[in-house]
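Colleague: I am new to this structure and would like a close look at a single part of it, taken slowly and with its surroundings.

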Amino acid sequence: MSSEVFAGAKETPPQGPPPKPFHLPATTDFTLPNGMQVTIVPYGTVPKVAVRLLVGAGAIDESAGQVWLSKLNAALMKEGTRTRSAEQVAREAAEMGGQVEIDAAHDFTSVGGVVLSDFGPKFVALLADVLIAPSLPASELPRLKADLVRELSIDKSQPEALAQERFVQTLFPDHPYGRAFPSESALNGYAIEDVQTFYRKNFHAVRAHLYIAGKLEGDLRRAIEDAFGGWAKGAPAPDLPARPAKARSFHLIDRPGAAQSNLLIGLPVAEPSSPDFIKLDVMNSLLGGSFASRITSNIREEKGYTYSPLSQIGTHRHLAYWLQSADVATDVTGPSLQEIFFEIDRLRKDPPSAEELEGIRNFLAGLFILRNTVSPDAIIAQLHFVDSQGLDRSYLSTYVQKVMEVKPTGVQGMAETYLVPSKMTIVVVGDKAKIADQIAPYEAATE
């Protein structure tokens, strides 16, 4: 039986109810005398609690010769404290039903975990010891550096990672955001004194915000004051504003014999505090950020060029950028670029239909509600986003409403205003010998 017969028999599903608004539970917020901020929020009935402390320290605090030093510091912080060995820390956390997790990102280092609710106060004390009194043992440095060298080797062998490295280098020249990887020699050269200095310089109470979410038990406030009250206040994080590039550029990374090409296309857009940001979120979802998006429908569903197109809005503190990625077959590298820019231009010129936009708005609103009802960590992530971006927390409770208010002309206006092809950075990783002719028009456009 033909696909046309199936298509003709398909019925339009009934329209669902309008998305429900998201209601942020009432939070308890206070600041310790040393400047550490605290947010406690009740969530759910499962007897677990997430405890996460976000310190304003990460890759942004690295110099050009210290790339991944923040990751090495995070790894060493897991190796015990002045009063507990690494094994003791792990065992105590396991007895509480969890583990201590430490992750260094660009702007923040996260220290925390999820434990059974009745151990919440005790886990707070354990995290304080890990944060305030890490031993940073020199004996573990060679092993941890070797782990990072292996990670670096794997990353540098991946075409997606190479494309991302070139993209951020171009978008954020002469800024820590533009430094994706260290050299192996630099990584091997880090001494224990480098890690200790990084820790002492950047880990202070005034740069920290502790979030606790879940089924709350015990005197958490008292536990926090006792555990963190003696942490040195320190100095606020320095302001290192990034000025992302806003000019057309094309970059080819040659990988002879590659079976596919990896594409990245992007540029800076309005930051999260802008009134345009939520409209940009809707525009991105319609254009390339969802399975029903135009670019996905075009180069995946209709033409079969790729299985993996995706657009997204990446953020740092007080800045954002739009990024479209796709891994495409080598012989359709040029046509894929052509179709991506065709969809960008189409949206810049004409508003979407009300029906198309309604589906995207419902998707985004539903996804927002779903994400924030999955776990206490999801609530913490949302709170940290608005707090770190300097947004009022009403952003969370009004997000669904504002998404549903976006009009077709608003989506077109965002594309027309921000997705300007003459300001985009294009990165292609692929076999130059096979794709040179296909990409020539895009290289020529930058000259």
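How many bridges join β4 to strand β5, and do the two run parallel or antiparallel?

Modeller: Please keep in mind that this is a predicted model. Four bridges join β4 to β5, the strand made of residues 109-116, and the two strands run antiparallel. One position that can be followed by eye is D103, whose bridge partner in β5 is S110.

This pair belongs to an open sheet of six strands, which follow one another in the order β1-β2-β6-β3-β5-β4 with mixed pairing. At the edges of the sheet stand β1, residues 28-31, and β4, residues 101-104, each of which pairs on one side only. From one strand to the next, the twist averages 15°. As for what holds such an arrangement together, strands of a sheet pair through backbone hydrogen bonds, either parallel or antiparallel.

Two helices can then be placed against the sheet. Helix α4, residues 120-132, packs on the sheet and touches β3 (48-55), β4, β5 and β6 (208-214), while its direction makes about 155° with that of β5. Helix α14, residues 376-388, lies across β2 (37-42), β3, β5 and β6, and runs at about 145° to β6.

From α14 the view leads on to the largest pocket, since α14 gives the most to its lining, with eight residues. This pocket has a volume of about 1,200 Å³, and it is lined by 39 residues, of which I313, T315, R371, Q382 and F385 lie nearest its centre. The edge strand β4 is among the elements that give two or more residues to this lining, as are β3, α10 (277-287), β9 (310-316), α13 (354-371), α14 and α15 (394-405). By class, the lining has 17 nonpolar, 15 polar and seven charged residues.

The second largest pocket, with a volume of about 690 Å³, is lined by 34 residues, and H106, Q164, E165, V168 and A180 are the ones that lie nearest its centre. Here the largest share of the lining, seven residues, comes from α6, and the elements that give two or more residues are α2 (69-77), α6 (159-171), β8 (260-269), β9 and β10 (319-329). Its lining residues divide into 18 nonpolar, ten polar and six charged. Strand β9 therefore deserves a second glance, as a strand (by its DSSP run) that gives two or more residues to the lining of the largest pocket and also two or more to that of the second largest.

Note on methods. Residues numbered from 1 in each chain as written. Predicted model: local features only at pLDDT ≥ 70, side-chain atom pairs only at ≥ 80, totals over all residues. Heavy atoms only, no water. Pairing = 2+ DSSP bridges. Axes fitted to C-alpha atoms, helices over the stretch in contact; angles between N-to-C directions. Contact = heavy atoms within 4.5 Å. 1 Å grid on protein atoms, 1.4 Å probe; cavity = no way out; pocket = protein on both sides within 12 Å on 5 of 7 lines; lining within 4 Å. Points joined across faces, edges and corners; volume = space filled by probe spheres on them. Nonpolar A, V, L, I, M, F, W, Y, C, P; charged D, E, K, R; others polar.
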